[in-house]
Amino acid sequence: MKSKLSNNIIISYIGVFLIIIGVINLIPLLVLVAYPEEFIYGKYFFIPGVLSMILGLIIKKIIPINKNKKLSVGEDAVIVTLTWILAIFISAMPFYLSDMLNFTQSIFEAVSGWTTTGLSVVDVDNCPKIYLIHRSIMNFFGGVGIVLVMVSALSATFGMSLYNCEGHLDNLLPNLLKSSRLILSIYSGYVISGIVLYCIFGMPLFDAINNSIAALSTGGFGVRSESIGAYNSFSIELVTIILMLLGTTNFAAHLLLIKGKFKKFFQLGEIKFMFFILGICVPLVGFFSLSYLYGNVYIGLRRSMFELISALTTTGFSTVTYNDWNGFAIFIMIILMIIGGGAGSTAGGIKLYRVYILCRNCIWNIKSKFASPHLVNEDYVYKPEGKVYIKDSDRKDISNYAFMYMTIYVIGVSIMLLNNYSLQDSLFEFASALGTVGLSVGVTSPMAPAIILWTEIFAMLFGRLEIWVIIIAVIKILNNMKREKIEYNF
């Protein structure tokens, strides 16, 4: 009886999410106003979108959400994980139903979109505009998260636990509803600003819309095969860098920027750590690897700055290919993709905050060896909410997450090696998938074996939803199944 009640709660929430997913799947139809010649593709979006909404409304009617019932441990993780799987499946249907991609490729493209990765098996130069905007819309909503969209559109009664499960670690305002709407407002404002700036610097409007969304969501889906390099414009690259940095910044930190509290913003441990890493890596790669390759120091630093920021922010935009890059530059790129962007942002990777704490913990440990045994010292870092003291439980959680992340990374690289890819290509490509980056050395393509695409699919999901959420969801589902079996036997 208890497991049945738990299942009903999960299903009732999923019903609401199905309605929202259906609406999101219909948004690309708006592009038909500007491109009526693509009307033939409209049915591939309309059918799965409407069916999703109808199914959601039926579930909502049969099993309404009990707003007074709090979610138990694990139910929030199950709801978020299943919702993302459904969103991916429904969003993959336009690719699959139109025979543009096979089933595996369709799922891959949808996963890459929702997880804001940007790896692609689509030929963007010959792809209809409606599909390109569909990918960008997945980037947009994947970046802010479906839960945040639901909370913003409906109410805060749907629970903080769901909100946190999707990666929103900070509550900007005391009220969850106001926080979610503020995040959406900030996010949308940045996107619009990016579109305007891109157009000012000569980018076509359609390209500007897609690239602005992709840059801010750290999604990296381009509309040209040469990505940002197609425009050969330093101004456009600079706008993209700003958007990528904004996208990888903790949502709560944006409030400090908007309020003009620049001193507090640059005092944040995560922000200082990000600029410290870039301040070391960009000149190193620019001078010692790329200045020789591209003929002069200016071009070397320009390429280094863009590509390394794209890697660290886990965006995946590029201005060049990496076929002629030396091992040192590739090695730095891999490290940055593993580190990833800011916690509570649209970025992936282990996250800057966790790596920052791990590094600071080493320094604190060394200092403690030379300190007086009677000295009581509390370690702290600066976060958007102020000075935060680091507990032993925090260190344990961060260390455990980093260990799990690297374990998955080793497994994924091993699978690629078993499929006869080189060590360097395997290390790079799987770091890109698991970190939801989207940069590629050519492994990911329409010709890639299905096992490689599915390996990357699971990596992208683990990277976006974070490892523990999926693990907890699986354990909760298995426990419910076990409990149902016991109840049935009795």
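## Exercise 1: T314 and N420

**Task.** Is T314 buried or exposed in this predicted model, and what can be said about its phi?

**Solution.** Start with the cover around the residue.

- Step 1. T314 has a relative accessible area of 0%, so it is buried; the cut-off for that class is under 20%.
- Step 2. Next, place it in the chain: T314 sits in the loop between α14 (297–312) and α15.
- Step 3. Now the backbone. T314 is not a glycine, yet its phi is positive, near 60°. As background, most residues other than glycine have a negative phi.
- Step 4. Set N420 beside it. N420 is also a residue other than glycine with a positive phi, near 70°.
- Step 5. N420 belongs to the loop between α17 (392–418) and α18 (423–434). With a relative accessible area of 72%, N420 is exposed, since that class begins over 50%.

## Exercise 2: Checking helix α3

**Task.** What span should helix α3 have at 1.5 Å a residue, and what distance separates its end C-alpha atoms?

**Solution.** A little arithmetic does the job here.

- Step 1. Helix α3 covers residues 75–97, which is 23 residues.
- Step 2. The expected span is 1.5 Å times one less than the number of residues, and for α3 this gives 33 Å.
- Step 3. The end C-alpha atoms of α3 are 33 Å apart, in agreement with the expected value.
- Step 4. For its surroundings, count the buried residues: 17 of the 23 in α3 are buried, so the helix is mostly covered.
- Step 5. Look just past the end of α3, where D99 takes a positive phi of about 65°.

## Exercise 3: Three salt bridges

**Task.** Where in the chain do the partners of the salt bridges E109 with R135, E466 with R354 and D392 with R395 lie?

**Solution.** The structure holds 8 salt bridges; take these three in turn.

- Step 1. In the bridge between E109 and R135, the closest N and O atoms are 2.9 Å apart. This pair links distant parts of the chain, with E109 in helix α4 (residues 103–114) and R135 in helix α5 (residues 129–144), 26 residues apart.
- Step 2. Check the cover of that pair. E109 is buried at a relative accessible area of 0%, and R135 is buried at 2%.
- Step 3. E466 and R354 bring their closest N and O atoms to 2.7 Å. Here too distant parts of the chain are linked: E466 is in the loop between α19 (450–465) and α20 (467–489), while R354 is in helix α16 (residues 352–370), 112 residues apart. Both E466 and R354 are buried.
- Step 4. For D392 and R395, the closest N and O atoms are 3.4 Å apart. These two are 3 residues apart in helix α17, so about one helical turn separates them. An α-helix has 3.6 residues a turn, so residues three or four places apart point the same way.
- Step 5. The cover differs within this pair: D392 is exposed at 62% relative accessibility, whereas R395 is buried at 18%.
- Step 6. Salt bridges with shared partners also join E237, R302 and R303 into one network.

## Exercise 4: A nonpolar surface patch

**Task.** Which helix gives the largest share of the nonpolar patch, and which helices supply at least two residues each?

**Solution.** List the members, then sort them by helix.

- Step 1. The patch consists of F276, I280, L284, F287, F288, V297, F328, F331 and I335, and has an area of about 810 Å².
- Step 2. Two helices give at least two residues each: α13 (269–294) and α15 (327–339).
- Step 3. The largest share, 5 residues, belongs to α13.
- Step 4. Take F331 as one example, a residue of helix α15. F331 has 48% relative accessibility and therefore counts as partly exposed.

## Exercise 5: The whole protein

**Task.** How many helices and strands does the protein have, and how many disulfides does a search of the whole structure find?

**Solution.** Finish with the totals.

- Step 1. The secondary structure comes to 20 helices and 2 strands.
- Step 2. The protein has 490 residues, of which 56% are buried.
- Step 3. Among contacts with a separation of 6 or more, 71% join residues 24 or more positions apart.
- Step 4. The exposed area is about 21500 Å², and carbon and sulfur atoms supply 67% of it.
- Step 5. The search for disulfides finds 0. As for individual cysteines, C127 is buried at 9% relative accessibility, and C199 is partly exposed at 32%.

Notes
Residues numbered from 1 in each chain as written. Predicted model: local features only at pLDDT ≥ 70, side-chain atom pairs only at ≥ 80, totals over all residues. Heavy atoms only, no water. Disulfide = S-S within 2.5 Å. Buried < 20%, exposed > 50% of the residue type's maximum accessible area, 1.4 Å probe, protein only. Patch = residues over 30% accessible without salt bridge, like charges linked within 9 Å, V, L, I, M, F, W, Y side chains within 5 Å. Areas by Shrake-Rupley, 256 points an atom, 1.4 Å probe, with all protein chains shown as cover. Salt bridge = Lys/Arg side-chain N within 4 Å of Asp/Glu carboxyl O. Helix = DSSP H or I, 4+ residues; strand = E, 2+ residues; numbered from the N terminus. Contact = heavy atoms within 4.5 Å.
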